[in-house]
Amino acid sequence: MKASWNDHEQIVGMTKVQLNPGQFIFGRMKASEETGLHESTVRNCINWLKQNNTITIKPTNKFSVITVVNWEIY
């Protein structure tokens, strides 16, 4: 639900991030707050999606850019 529908820039802190369709900014702590799940549960779910080739992750030291694989099909 958070994935981009079109190309656009998003500002995260003091950084501009170029997002393509199917990509979104992800932070484990923020996702934990939004979902009410423990951070470890969020991490485990994200790792499971990555291992099953549902998403790819490009991490930085502040956030990650997650790409939904086969976004155009969904």
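How many residues lie between β4 and β5 in the hairpin that they form? In this predicted model, the hairpin of β4 and β5 has four residues between the two strands, and it offers a convenient starting point for a reader who is new to the structure.

**The sheet**

Strands of a sheet pair through backbone hydrogen bonds, and the pairing may be either parallel or antiparallel. Here three strands form an open sheet, in which the order is β3-β5-β4 and the pairing is antiparallel. The edge strands are β3, which covers residues 23-26, and β4, which covers residues 55-59, and each of them pairs on one side only. From one strand to the next, the twist averages 25 degrees.

Strand β5, made up of residues 64-68, is joined to β3 by four bridges, and these two strands run antiparallel. On its pairing with β4, strand β5 is again antiparallel, with five bridges between the two. Among the individual bridges, Phe26 has Ser64 of β5 as its partner, and Ser64 is also the bridge partner of Pro59, while Thr56 is matched with Thr67 in β5. Strand β5 is mostly covered, since four of its five residues are buried.

**The helices**

Helix α2, which spans residues 39-51, lies across β3, β4 and β5, and its direction makes an angle of about 120 degrees with β4. Helix α1, spanning residues 28-35, packs with α2 at an angle of about 110 degrees, and the axes of the two helices are 9 Å apart. Because angles of 65 to 115 degrees count as roughly perpendicular, this angle makes α1 roughly perpendicular to α2.

The contact between the two helices brings Arg28, Met29, Ala31, Ser32 and Thr35 of α1 together with Glu39, Val42 and Arg43 of α2. Sorted by class, the residues of this contact are three nonpolar, two polar and three charged.

**The nonpolar cores**

The largest nonpolar core has ten residues in all, namely Ala3, Phe24, Phe26, Ala31, Val42, Ile46, Ile55, Ile66, Val68 and Trp71. The elements that give two or more residues to this core are β3, α2 and β5. A second core, separate from this one, has five residues, including Val17, Leu19, Phe63 and Val65.

Val42 appears both in the largest core and in the contact between α1 and α2. When residues up to four places away in sequence are not counted, Val42 touches Phe26, Arg28, Ala31, Ser32, Thr35 and Leu37.

**Three residues in their surroundings**

Which setting does each of three further residues have, and how accessible is each of them? The table gives the relative accessible area and the resulting class for Ser4, Ser32 and Leu37.

| Residue | Relative accessible area | Class |
|---|---|---|
| Ser4 | 5% | buried |
| Ser32 | 14% | buried |
| Leu37 | 39% | partly exposed |

Ser4 lies in the segment before β1, the strand of residues 8-12. Leaving aside neighbours within four places in sequence, Ser4 is in contact with Leu19, Asn20, Pro21, Gly22, Gln23 and Trp71. Of these partners, Trp71 is one of the residues in the largest nonpolar core, whereas Leu19 is listed in the second, separate core. Ser4 is classed as buried because its relative accessible area of 5% is under the cut-off of 20%.

Ser32 is placed in helix α1. With neighbours within four places in sequence left aside, the contacts of Ser32 are Leu37, His38, Glu39 and Val42. Ser32 is also one of the α1 residues that meet α2.

Leu37 is found in the loop between α1 and α2, where, not counting residues up to four places away in sequence, Leu37 touches Ser32 and Val42. Leu37 counts as partly exposed because its relative accessibility of 39% falls between the limits of 20% and 50%. From Leu37 to Lys62 the distance in space is 20 Å, C-alpha to C-alpha, while in sequence the two are 25 residues apart.

Notes: Residues are numbered from 1 along each chain as its sequence is written. This is a predicted model: local features need pLDDT of at least 70, side-chain atom pairs count only at pLDDT 80 or more; totals for chains, interfaces and linings use all residues. Side-chain values use heavy atoms; hydrogens and water are left out. Two strands pair if DSSP finds at least two bridges between them. Axes are lines fitted to C-alpha atoms, for helices over the stretch in contact, and angles run from 0 to 180 degrees between N-to-C directions. Contact means heavy atoms within 4.5 Å. Angles under 35 degrees count as roughly parallel, over 145 as roughly antiparallel, 65 to 115 as roughly perpendicular and the rest as oblique. Ala, Val, Leu, Ile, Met, Phe, Trp, Tyr, Cys and Pro count as nonpolar, Asp, Glu, Lys and Arg as charged, and the others, Gly among them, as polar. A nonpolar core is a set of buried Ala, Val, Leu, Ile, Met, Phe, Trp, Tyr and Cys residues joined through side-chain atoms within 4.5 Å. Buried means under 20% relative accessible area, exposed over 50%, partly exposed in between (1.4 Å probe, protein chains only).
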